[in-house]
Amino acid sequence: GKAIAIGLRILVAVDASVSSNADLQEAWAMYKDVVMEWSEQKRTDSTLDSTFESFERMMVQLDFNLLSSRSFVTAIEQNFDPRGRFQAAKFPLYDEIKQILVTLYGQCCERINTEQETSKERLDC
């Protein structure tokens, strides 16, 4: 349980750092604009190749998951049973993991901006 809490804490810290960094947000927006212009030019000139398309997909994933401050949300929405094996066997794996994550996250968040936030119980990485 503590390892999951530490992992979630790291994701929350990354999301908070990214979302509160105005310089990073501005630079990322400018970089996306340049890449979009470059992409449009390549499509117009019919010079689009698989390497650039792969780069574009990576950019979209990076933008959606990390630079949109969705690391934590992506982690808790993860499907831990993509083939449905546990669900078919009536084993509520997803619900159990989701409940554990929600509980641990709630315990960590209730300490934010309180004197307990930096207590001995702090989950240091």
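In this predicted model, the second largest pocket is lined by residues that include Trp-28, Lys-32, Val-35, Met-36, Ser-39, Glu-40 and Arg-43. Also in the lining are Glu-56, Met-59, Val-60, Asp-63 and Phe-64. The volume of this pocket is about 200 Å³. Helices α2 and α3 each contribute at least two lining residues. The largest share, seven residues, belongs to α2. Sorted by class, the lining holds six nonpolar, five charged and one polar residue. Empty space of this kind is revealed by rolling a probe the size of a water molecule over the atoms.

Two of the lining residues, Val-35 and Ser-39, also touch Phe-52. Phe-52 belongs to helix α3, which spans residues 50-65. Its relative accessibility is 5%, so Phe-52 counts as buried, the limit for that class being under 20%. Beyond four places in sequence, the contacts of Phe-52 are Val-35, Trp-38, Ser-39 and Lys-42.

Lys-42 was examined further. Ten residues separate Lys-42 from Phe-52 along the chain, and their C-alpha atoms are 9.2 Å apart. Lys-42 lies over the face of the Phe-52 ring, 5.3 Å from the ring centre.

Aromatic pairing was considered next. A pair of aromatic rings is described by the distance of the centres and the angle of the planes. The count of aromatic pairs is three. One of them joins Trp-38 and Phe-52 in an edge-to-face arrangement, with 4.8 Å from centre to centre and 75° between the planes. Trp-38 sits in helix α2 (residues 22-44) and Phe-52 in helix α3, so this pair ties together parts that are 14 residues apart in sequence. Trp-38 is partly exposed, because its relative accessible area is 47% and that class runs from 20% to 50%.

A further pair is formed by Phe-52 and Phe-55. Here the rings are tilted, at 5.9 Å centre to centre and 45° between the planes. The two residues are three apart in helix α3, so about one helical turn separates them. Phe-55 has a relative accessibility of 23% and therefore counts as partly exposed. Phe-52, at 5%, is buried.

Taken together, Trp-38, Phe-52 and Phe-55 form one aromatic cluster. Phe-52 takes part in both the edge-to-face pair with Trp-38 and the tilted pair with Phe-55.

Terms used: Residues are numbered from 1 along each chain as its sequence is written. This is a predicted model: local features need pLDDT of at least 70, side-chain atom pairs count only at pLDDT 80 or more; totals for chains, interfaces and linings use all residues. Side-chain values use heavy atoms; hydrogens and water are left out. Helices (H or I, at least four residues) and strands (E, at least two) are DSSP runs, numbered from the N terminus. Buried means under 20% relative accessible area, exposed over 50%, partly exposed in between (1.4 Å probe, protein chains only). Contact means heavy atoms within 4.5 Å. Rings of Phe, Tyr and Trp (its six-membered ring) pair if their centres lie within 6.5 Å; planes under 30 degrees apart count as stacked, over 60 as edge-to-face and the rest as tilted. A charge sits over a ring if NZ of Lys or CZ of Arg is within 6 Å of the ring centre and within 35 degrees of the ring normal. On a 1 Å grid over the protein atoms alone, a cavity is a set of points where a 1.4 Å probe fits but cannot get out, and a pocket is an open set with protein on both sides within 12 Å along at least five of seven lines; lining residues have an atom within 4 Å of a point. Grid points are joined across faces, edges and corners, and a volume is the space filled by probe spheres set on the points. Ala, Val, Leu, Ile, Met, Phe, Trp, Tyr, Cys and Pro count as nonpolar, Asp, Glu, Lys and Arg as charged, and the others, Gly among them, as polar.
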